[in-house]
Amino acid sequence: MEVFRNGSLKKFNTFNVDEKAKVLVEIDRVSDLFTFLTKENQKDKMLVLGGGSNILFTKSYEGIIISLKNKGIKLIDEDENNILVEISSGESWNDFVVWAVENNFGGVENLSLIPGNVGAAPIQNIGAYGVELKDVFYSCKGIMLDTLNEFEFTKSDCEFNYRSSIFKSTLKNKTIITSVKLNLTKSKHNFNVDYKELKENLLDTELTIKNISDQVIQIRKSKLPDPKIFGNCGSFFKNPIINISRHESLINKFPDIPFFKIDNNNYKISAAWLIDQSDFKNKKVKNVGVYSNQPLVIINHGNAKGKDILDFAKEIKETVIGNFDIELEEEVLIL
Ligand SMILES: Cc1cc2nc3c(=O)[nH]c(=O)nc-3n(C[C@H](O)[C@H](O)[C@H](O)COP(=O)(O)OP(=O)(O)OC[C@H]3O[C@@H](n4cnc5c(N)ncnc54)[C@H](O)[C@@H]3O)c2cc1C
């Protein structure tokens, strides 16, 4: 366990924003969490930090940031076709996916190359290319930050939704997830290649876990900026969901608007298209702009401050409301 006071958070967030934390504590073992979470420390406000790839710091954090670095992948159960694995929260999500792909375990190949740690994956029910964490999720273990009671939540306890879960609503900032259990397939894999670009790229290729993962990586690299080059948090906003009557009136006005039918009542609209049509592609304010290949990604061109990024995001929101009467909701946690 290491405690840093008043240190920079620049290396702890993928927007590369240089804000400070009153206290940052790096913890390698769950047992050390109990040592650290004394009554005295619990008086401070707290934030659990993974890879910092879904957080925008707009000011110093006047509290305790817990960076959980516990490692390990354990086989819990298996039968002929499936395995149940428990992954410690401090593992990198992508390292875990690489491990699964190398072992030919199916289920997370579409989620290749998503930054961040395993412990954060349930928070917003990470998703990409037609697959969400909930599709393989079995349970997660953790500790309630106020009572220090331990819990194990099942899939239904977690109330997963599109880029959301109970950890973003009722239990926001109230828990620390210490490990996640996932169900993976050993055989009879159910590949998901419904996503248009993925399907097209795999047309002449044998469907294997490795080939799907490779294609996902290739598509992601062509579309998303590397945070080491341009600080970013991936999609800044969620794709808005609208009902059928709102959808009909939008399509009448904007026939080119890309959408995805969720069910008979609801449609998901492309936030990237709304931003693109609002002329943000070539805009740059105080070293902040959108990424040329994907306008849903806001990037730090240099030494932008968190506040500059937030102001830019607000300008996008206001313009999109003005143009389309749709309010974009942030996917990124703003602090
Ligand atoms: C280039 C790029 C591409 C991305 N692509 C995708 C994508 O395709 N799909 C997608 O869903 N996301 C994507 N993201 C967003 C991000 O990678 C995910 O949300 C990821 O799960 C965040 O993990 P993290 O460890 O960095 O979390 P952090 O940013 O550190 O934290 C995010 C939230 O989780 C909480 N948290 C973190 N760890 C714990 C824990 N152990 N217990 C309790 N709470 C915790 C934090 O308090 C915070 O509220 C992308 C980001 C980038 C930079």
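How far apart do the C-alpha centres of domain 1 and domain 2 lie? They lie 24 Å apart in this predicted model, where local features need pLDDT of at least 70, side-chain atom pairs count only at pLDDT 80 or more, and totals for chains, interfaces and linings use all residues. Residues are numbered from 1 along each chain as its sequence is written, and side-chain values use heavy atoms, with hydrogens and water left out.

Let's start with the domains. The assignment, which comes from an automatic or database source, gives domain 1 (2-68), domain 2 (73-223) and domain 3 (241-334). Contact (heavy atoms within 4.5 Å) between domain 1 and domain 2 takes 14 residues from domain 1 and 16 residues from domain 2. About 1,200 Å² is buried between these two domains, and carbon and sulfur atoms give 69% of that area. Buried area here is the accessible area (1.4 Å probe) that two parts lose on being put together, summed over both.

Now to the ligand. Domain 1 and domain 2 both give residues to the shell around the ligand, so the ligand lies between them. In total, 31 residues surround the ligand, each with a heavy atom within 4 Å of it; Val 48, Gly 50, Gly 51, Ser 53 and Arg 220 are the closest. By class, the shell has 15 nonpolar, 14 polar (Gly counts here) and 2 charged residues (Asp, Glu, Lys or Arg).

Here are some polar contacts of the ligand (pairs of N or O atoms within 3.5 Å):

| Ligand atom | Protein partner | Distance |
|---|---|---|
| oxygen | Gly 52, polar backbone atom | 2.9 Å |
| oxygen | Ser 53, side-chain N or O atom | 2.6 Å |
| nitrogen | Gly 127, polar backbone atom | 2.8 Å |

Taken alone, the ligand exposes 980 Å², and the protein buries 93% of that (Shrake-Rupley method, 1.4 Å probe).

Technical notes. Polar contact = N/O pair within 3.5 Å; in protein donor to acceptor, adjacent residues only side chain to side chain.
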